[in-house]
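Please look over the sequence and the model together before reading on, since the text below moves from one place in the chain to another.

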Amino acid sequence: VRWKTRLRSELDNLTAITAGLGPSVTLLHGVGLNADAWGGQIDTLANYFSVTAFDMPGHGSSPGLDVPSPDLSDYVTAMKHPLKDPTVVVGHSMGAMIALKLAFNKKVVGVVALNAVYQRSKSAQDAVRKRAKELVAASNVDPRPTLKRWFDDETSTEAEMCEQLLSHVSIEEYRAAYNVFAQENGPTAEELVALKKPALFMTGGREPNSTPDMSIQMANLCEMGNAVILEDAAHMMPMTHYESVNKYLIDFIERCHREAV
């Protein structure tokens, strides 16, 4: 029963799944999903930490942004307000883009970027922008092309959960978030050099869009950066390889809070 719809709390105009006690960890999902996508992490991390998994604006039960054409800074601002205690921010995909911007907030003691993009190639950039363009005329979210990119086995429980999440997001909110994801290219080299906090970059060896090379480059630019590649994983690594991901997360989050004291 890892993949299920969990109860939400309301936090500063956003909704979130909260669990556990202890040092804080904040989880940010990717485009079209919601906080339930962290089902592989929540219960395990809650044995050690106070976990808050947010529904991104316009996703899950969180209201959308009150802006006609939002950009990444609008999502970052929305996520900044609820950060009350020193926390480690863990983001996946677009959530990683947001997490790497939030990392400069004084409340953040460490950052984890899972399946994050950095300086996409021209062909990768063209492909993601083409997908964003196709959404302009779409009247609903069709999960099939996305599931095909994300999963080898589209009948797996993880793929079924993602299909359910993608089918429930509003097309307007999905379009807005995907457009931001397509236009952005990850953090700048200057931002990464300026980040003087522990930063963990993890991706899958079979990830064609958030490639191992991207995570390694980002980690090398950060003073306290480290890269981990799960060789047989792809984009939905937090779901498909949750045990391996959790092991690295627990070690990293404990270290960040220990060193921040």
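What follows is a walk through a pair of packed helices and then three individual residues.

The structure is a predicted model, and everything described here should be read in that light. Two packed helices are described by the angle between their axes and the distance between the axes. Helix α4, which covers residues 122-134, packs with helix α7, residues 171-183, at an angle of about 160°, and their axes are 9 Å apart. Because angles over 145 degrees count as roughly antiparallel, α4 is described as roughly antiparallel to α7. The crossing of α4 and α7 is left-handed. On the α4 side the contact is made by Val-128, Arg-129, Arg-131 and Ala-132, while α7 contributes Tyr-178, Asn-179, Phe-181, Ala-182 and Gln-183. Sorted by character, the residues of this contact of α4 with α7 comprise five nonpolar, two polar and two charged.

From this helix pair we turn to a residue in another helix. Gln-41 is found in helix α1, which spans residues 39-45, and Gln-41 is buried, with a relative accessible area of 0%. Setting aside residues up to four places away in sequence, Gln-41 touches Leu-27, Pro-238, Tyr-242, Val-245, Asn-246 and Leu-249.

The next residue belongs to a strand. Ser-24 lies in strand β3, residues 24-28, and its relative accessibility is 13%, so Ser-24 counts as buried, the cut-off for that term being under 20%. The side chain of Ser-24 is joined to the side chain of Thr-87 by a polar contact of 2.7 Å. Thr-87 also appears among the residues that Ser-24 touches when those up to four places away in sequence are not counted, together with Ser-50, Asp-85, Pro-86, Val-88 and His-257.

Which strand holds Phe-54? Phe-54 is placed in strand β4, which runs over residues 50-54, and at 2% relative accessibility Phe-54 counts as buried. Leaving aside neighbours within four places in sequence, the contacts of Phe-54 include Leu-11, Leu-14, Thr-15 and Ala-16, and they also include Thr-26, Leu-27, Leu-28 and His-29. Ala-35, Met-79 and Pro-82 are likewise in contact with Phe-54. In addition, the C-alpha atoms of Phe-54 and Glu-10 are separated by 9.6 Å, although these two residues are 44 residues apart along the chain.

Leu-27 links two parts of this account, since Leu-27 is touched by Gln-41 and is also in contact with Phe-54.

Definitions and conventions:
Residues numbered from 1 in each chain as written. Predicted model: local features only at pLDDT ≥ 70, side-chain atom pairs only at ≥ 80, totals over all residues. Heavy atoms only, no water. Axes fitted to C-alpha atoms, helices over the stretch in contact; angles between N-to-C directions. Helix = DSSP H or I, 4+ residues; strand = E, 2+ residues; numbered from the N terminus. Parallel < 35°, antiparallel > 145°, perpendicular 65-115°, else oblique. Left-handed = near helix turned anticlockwise from the far one by under 90°. Contact = heavy atoms within 4.5 Å. Nonpolar A, V, L, I, M, F, W, Y, C, P; charged D, E, K, R; others polar. Buried < 20%, exposed > 50% of the residue type's maximum accessible area, 1.4 Å probe, protein only. Polar contact = N/O pair within 3.5 Å; in protein donor to acceptor, adjacent residues only side chain to side chain.
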